[in-house]
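Colleague: I would like to learn how to read helices, strands and cores in a model. Can we go feature by feature?

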Amino acid sequence: MAKTKSLYRCSDCSHTVAKWVGRCPECGTWGSMDEAPAQPAAVAARTGTSLARAGAAAVLPTTPATPLTRIDGKATYAKPTGISELDRVLGGGVVPGSVVLLAGEPGVGKSTLLLEVVHRWAQRGNDERSLYVTGEESAGQVRLRAERTGSVHERVYLAAESDLATIFGHVEQVKPSLLVVDSVQTMLAADVDGVSGGVTQVRAVTSALTSLAKSSGVPVLLIGHVTKDGAVAGPRSLEHLVDVVLHFEGDKHSTLRMVRGVKNRFGAADEVGCFELTEGGIVGVSDPSGLFLQHRTEEVAGTAVTVTMDGKRPLLGEVQALVVPTQNPSPRRAVSGLDSARVAMVLAVLERRCNVKGLGKCDVYASTVGGMRITDPSADLALALAVTSAVRDQPVAAGTVLLGEVGLAGEVRRVAGAGRRLAEANRLGFTRGVIPRDVEGIPPSMKTYEVSSVGQALMTLTR
C-alpha cells in the first residue's frame, strides 16, 4: 500500500503546498492553509490511471441519473417575499431549498430588512412559519426592533442560539418554511475545530445549512459580515457554496440603501433594489430617481442632469459644479460622488479641446445630489456642461438630460442602453436631450440634439 501523503490547501485560492505554512505563498492570506490528504485515487486520476489500478472501487449509486426532460422544474419556482424591491434582485422571490447570503457593513440595516422579510412571509397565511435565529443579539433586543418596525407576528419564531446542532433542533420542532440566520460568522459547529467566525467554522456552518436547505426544501437566508475592504468575511469558498450573494450598501449620511446582486443562480446577477431606512423600519423605493434630483423653480448655473445605469435599472442623477478663482498656485479639485480621475480628464478636455480657459487658475468643486455615486462614463457630458455652465454663469435649459462618454480628443461616444435611459428621463418629464449620434429608441415626444464633440454640445447652452 502506498503511503498517503498530506497536503495543505489554501481555503481562499486553493493553492496547495507540501508542508504547512502560516501564510499562503500564492494569495498572502494568513491562517488559511488547511490539511487536505492526497488520496491515491485522486493522484491516479490526474495521471490517467484507472480506478481499479488505483485501488478505488466503484460504488453503485442509490439514485440513478435521470434524463433532464423527466425532471420537474416546478419545484424551483420562486415564492415572493412580499417586498417588491428584494424580489426584483432575487429574480422573483425565494426559491425553495435555496441559500441566500446578504452581506453588508455594520448598521446598514441587514437585520431590519430580514426581520421585515420573515414578518411578510408569516403574513402570507396557509400556516407559513418563519424562524429567525440570532447569534448576535438577545431575544429581547430583537423583540424591541420588531415592535419598532411593526414586525411582530405569532407565526414568526425567534431563537437566540449560536450552536449549530441546537439550531437544527429548533428547525425540527418549529418546521418553518423560511429560516434566517443572523449571522453566519457567529454560529459554531461543536464537532469542528476552530473559533467562531474562523475560516474552518464558517465553511462548516455554511455547508451544513446548505445541506439542510437542499434536503428539506426550506430556503435559508444568511447574514454575513464584511471586511474593511468590502468583501464578505470568511473563506472565498463561502460565496461558492450559496446560491445567491447580495450586497447591502448605503452611506451613513443618507437614508438610501441599495441591495445589489453579485451572484444569482435563479436570475440576473446585476439587478439593484432601492430602500429607504426610516425610524419605522425599511421600505422599498420603487422610483428612486426623485431622490437624486434637486427640484427647483428656477434655472441655476452649474447643474446638469444625466441618466446612469445601475445594473439594469436607469437612474436619473444631477451633477453639480462650482468654479471659483483662486490665488493658490495649486488649485483645489474637490470631488464627491464622482470618479476623481474622470473629473480631471474632463477638465483637461474642456481647457485643451473646447477653449474653456481659466480652469487651471480656479478651484473646481464637483458633486452629485442625494448621496448618489456615479461611476458610469455616460455622465462625462453632463459634467462637462455643468463645469462650462458654472464658468459662463449660463444655466442649462430646464428639462434637458445629457448622455455621452467624453474621449481625450473631445469626441462624444455612444453609451449602452441609451434608449432605455431616454425613456426613463421622458417619463419623469424631461423633454430635451443632448445625446451622441446614431442613438436608437428615442421617445417620439423628446426633442434631441445629436452631437459628435463636446464643442457641439456646449453650443446647446445658447439655444
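Colleague: Which residues of helix α11 are buried?

Modeller: This is a predicted model. For a helix, list the covered positions, then look for what covers them. In α11, residues 418-427, the buried ones are Ala418, Gly419, Arg421, Leu422, Glu424 and Ala425. Those residues pack against β13 (303-310), β14, β17 (400-402) and β20 (432-436). After α11 comes Gly429, with a positive phi near 100°.

Colleague: Where is Thr303, and is Thr303 buried or exposed?

Modeller: Thr303 lies in strand β13. Buried means under 20% relative accessible area. Thr303 has 14%, so Thr303 counts as buried. Its side chain reaches the backbone oxygen of Val300 at 3.1 Å.

Colleague: Back to helices. Which residues of α5 are buried?

Modeller: Val142, Arg145, Ala146 and Thr149 are the buried residues of α5 (139-149). They span an arc of only 100° around the axis, so they sit on the same side of α5. Their packing partners are α4 (110-122), β5 (130-134), β6 (156-160) and β12 (281-284). Gly150 follows α5, and its phi is positive, near 70°.

Colleague: Now strands. Which strands pair with β16, and in which sense, parallel or antiparallel?

Modeller: Read the bridges, then the direction. β14 and β16 run antiparallel, joined by seven bridges. Within that pairing, Val319 has Thr368 of β16 as its bridge partner. β15 (333-336) pairs with β16 in the parallel sense, over four bridges. Here Arg333 stands opposite Val364 in β16.

Colleague: What is the handedness of the unit made by β15, α9 and β16?

Modeller: Follow the path from strand over helix to strand. This β-α-β unit is left-handed. As for cover, five of the seven residues of β16 are buried.

Colleague: Why look for nonpolar cores?

Modeller: Because nonpolar side chains tend to be buried together in soluble globular proteins. The largest core here has 45 residues, and Leu350, Leu383, Val387 and Val454 touch the most other members. Elements giving two or more residues to this core include β10 (256-264), β14 (313-325), α9 (340-353), β16 (362-368) and α12 (454-458). α10 gives the most, with eight residues.

Colleague: Which residues does Val387 touch, leaving out those up to four places away in sequence?

Modeller: Val387 touches Ala321, Val323, Leu347, Leu350 and Leu359.

Colleague: How many residues are in the second core?

Modeller: The second, separate core has 29 residues, among them Ile83, Val94, Leu113 and Leu246.

Key
Residues numbered from 1 in each chain as written. Predicted model: local features only at pLDDT ≥ 70, side-chain atom pairs only at ≥ 80, totals over all residues. Heavy atoms only, no water. Core = buried A, V, L, I, M, F, W, Y, C linked by side-chain atoms within 4.5 Å. Buried < 20%, exposed > 50% of the residue type's maximum accessible area, 1.4 Å probe, protein only. Contact = heavy atoms within 4.5 Å. Polar contact = N/O pair within 3.5 Å; in protein donor to acceptor, adjacent residues only side chain to side chain. Arc of directions from axis to C-beta. Pairing = 2+ DSSP bridges. Right-handed = clockwise from strand over helix to strand, strands pointing away.
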